[in-house]
Amino acid sequence: MTNLLPSTPPPAAPDASQRKGGGKLTGKMGGISLALTVLAFSAPLSVVSGFIPVTIIFGGEGAPFGFILATVILLLFSIGYVTMTKRVDKPGAFYAFVSRGLGKSMGLGAAFLAVASYLLVHVGNLAWFGICVQALIGGFGGPATPWYVWSLTGWAAISILGYFNIELSAKVLTVVMALEVGLIMIFSIFTLVQGGADGLSAAPLLPTEFLKGDIGITLLFAVLVFMGFEATALFRDEVRNPNITIPRATYGAVIFVGVLYTLACYALVTAFGSEAVEVANATPTEMFPMAVSQYVATVFVQIALVLVATSAIAAALSIHNVVARYAYNLGYDQALPHSLSRVHPKHHSPYIASNTVAVVTGAVLVLIAVLRLDEGLLYAQLIGMGSVGVLSLYALVSVAVITWFVLRRDTFPDNAFKTYVAPGIAAAALVIVVVLATLNFHQLVGGDPGQYTWLLTPLPIAMVAGIIVASYFRRNKPARYARLGRSDYAKD
């Protein structure tokens, strides 16, 4: 692993072909805008109406504590992650951090895995958006329409927004997030003020009640819904004062999501009291609308249906921007075509990378429509596959953080809790979550135990492909190999 040490040769000076790309992204996003940009990834209203009832099925009345535990685990992950962002001054996120901690080959493997995972979630979210709009039109008495028409409409809107500066997307996502969070808070406050079905109780927030349920599956679903906050480091070049903004946005996103989902889960359990698990099992998709209708007002059910659709498209926009920046970073290092790193002279956006992601995503959506695949099952499978990949990267990055600081313990004697203890605990917990996700994949996507586990095969294939490409560069293109991991940005 000699390539990890400061003696690594600097990347070769760019030649004429390299100067065709390699521009630097710019922007002035603040902490709140960045946090909301990545928070939209998790689609809060979709989580509250879809995922939380499923969490209650497995966690019982103690499900809210599962979100508390997930918040603690991901805060521990964030401590190591944020500490790394201050020491490795580059925008590659998983790609950059794993390259630094575990070597360039593993780093490129992590980057390929990240791109594959986020693309899977992205296509799944677009399919989900189409299903939501289709159901929304039908619910208001409109005609039956194909889901893919709306998915492609949403795809077109996202493709246009992705072409412009991230600050435009941030403004759109801020509005959508404000509406989503506002509705969730209205529901939670109204329900708790009225005391729910059986009055308020502290039991759902205690570990004793949590231990009565299926701990592993509950924790798995609770951790999954945080996905997206880790993308803060990708936008390093597009925020003001990154060493201040990124930590604030990362911690803020985890804490905000943790509090929001814990409160919403507690309110949903309280709304039905002792019958909460029974209702969740019988009608999981109707649980949230029923509670909103009973404790708030029927009109808010219709508003919720609209906002679930906007939640899905906001999540897709957030993911699109994440994938585009991974493609930009890989293009910058010439691990992918260097043209992907071109920056628009006016909008300062990775427009070639964004357009490429749009073309790939659109092609997949068209293929799904032509093959007439079951979109109801497919969207869950795609999101489930991608989620397992991202969770695996959480664990891998935690190990990379520890390794990087071990190798540089004399140069960077940072606080041991930040560099070893917190990421170590997070890595152990996240490995358990990944194992649970693999063993219980059918719980994420439907079907019988083991029936769809084979769907996870593309994830290790993507990882291995990245490692093979890096190995090829190392043997045949050493100058290009030296660039991997955004080494030109590193401060060793």
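Counting ring pairs in this predicted model gives 22 aromatic pairs. Take Phe-77 and Phe-229 as a starting point: their ring centres are 5.9 Å apart and the planes meet at 90°, so this pair is edge-to-face. Phe-77 belongs to helix H3, while Phe-229 sits in the loop between H9 and helix H10 (242-272), so the pair ties together parts that are 152 residues apart in sequence. Phe-77 and Phe-229 are both buried.

Now look at Tyr-81 and Phe-94. With ring centres 6.5 Å apart and planes at 70°, this pair also comes out as edge-to-face, because an angle over 60 degrees counts as such. Here the link runs from Tyr-81 in helix H3 to Phe-94 in helix H4, 13 residues apart. Tyr-81 and Phe-94 are buried too. Put these rings together with Phe-97 and Tyr-394 and you have one aromatic cluster, made up of Phe-77, Tyr-81, Phe-94, Phe-97, Phe-229 and Tyr-394.

Phe-94 and Phe-97 bring us to H4 itself. How many of the nine residues of H4 are buried? The count is nine of nine, so the helix is mostly covered. Besides the two Phe residues, the buried set includes Tyr-95, Ser-99, Arg-100 and Leu-102. These buried residues pack against H3, H5, H13 and H15. After H4 comes Gly-103, which has a positive phi, near 105°.

On the other side of H4 is Ala-93, in the loop between helix H3 (63-87) and helix H4 (94-102). Is Ala-93 buried or exposed? Its relative accessibility is 1%, so it counts as buried. Setting aside neighbours within four places in sequence, Ala-93 is in contact with Tyr-81, Ala-233, Leu-234 and Tyr-326. Tyr-81 is thus a contact of Ala-93 as well as a member of the aromatic cluster.

Ala-93 also gives a handy yardstick to the next stop. Phe-51 is 42 residues from Ala-93 in sequence, and their C-alpha atoms are 27 Å apart in space. Phe-51 is one of the residues nearest the centre of the largest pocket, along with Ser-46, Gly-50, Trp-128 and Tyr-379. The pocket has a volume of about 1100 Å³ and is lined by 38 residues. What is the make-up of that lining, in nonpolar, polar and charged residues? It divides into 27 nonpolar, 10 polar and one charged. Several helices each give at least two residues to the lining, among them helix H2 (44-59), helix H5 (104-139), helix H13 (298-332) and helix H15 (375-407).

From H5 you can walk on to Thr-145, in the loop between H5 and helix H6 (147-163). Thr-145 has a relative accessible area of 17%, which is under the 20% cut-off, so it is buried. Leaving out neighbours within four places in sequence, its contacts are Gln-134, Ile-137 and Trp-150.

H13 leads to another loop residue, Arg-342, found between H13 and helix H14 (351-371). At 32% relative accessibility, Arg-342 counts as partly exposed. Its C-alpha lies 6.3 Å from that of Ile-352, 10 residues apart along the chain.

One more ring rounds off the tour. The ring of Tyr-332 has the charged end of Arg-486 sitting over it, 3.8 Å from the ring centre.

Key. Residues numbered from 1 in each chain as written. Predicted model: local features only at pLDDT ≥ 70, side-chain atom pairs only at ≥ 80, totals over all residues. Heavy atoms only, no water. 1 Å grid on protein atoms, 1.4 Å probe; cavity = no way out; pocket = protein on both sides within 12 Å on 5 of 7 lines; lining within 4 Å. Points joined across faces, edges and corners; volume = space filled by probe spheres on them. Helix = DSSP H or I, 4+ residues; strand = E, 2+ residues; numbered from the N terminus. Nonpolar A, V, L, I, M, F, W, Y, C, P; charged D, E, K, R; others polar. Buried < 20%, exposed > 50% of the residue type's maximum accessible area, 1.4 Å probe, protein only. Contact = heavy atoms within 4.5 Å. Phe/Tyr/Trp six-rings, centres within 6.5 Å; stacked < 30°, edge-to-face > 60°. Lys NZ or Arg CZ within 6 Å of the ring centre and 35° of its normal.
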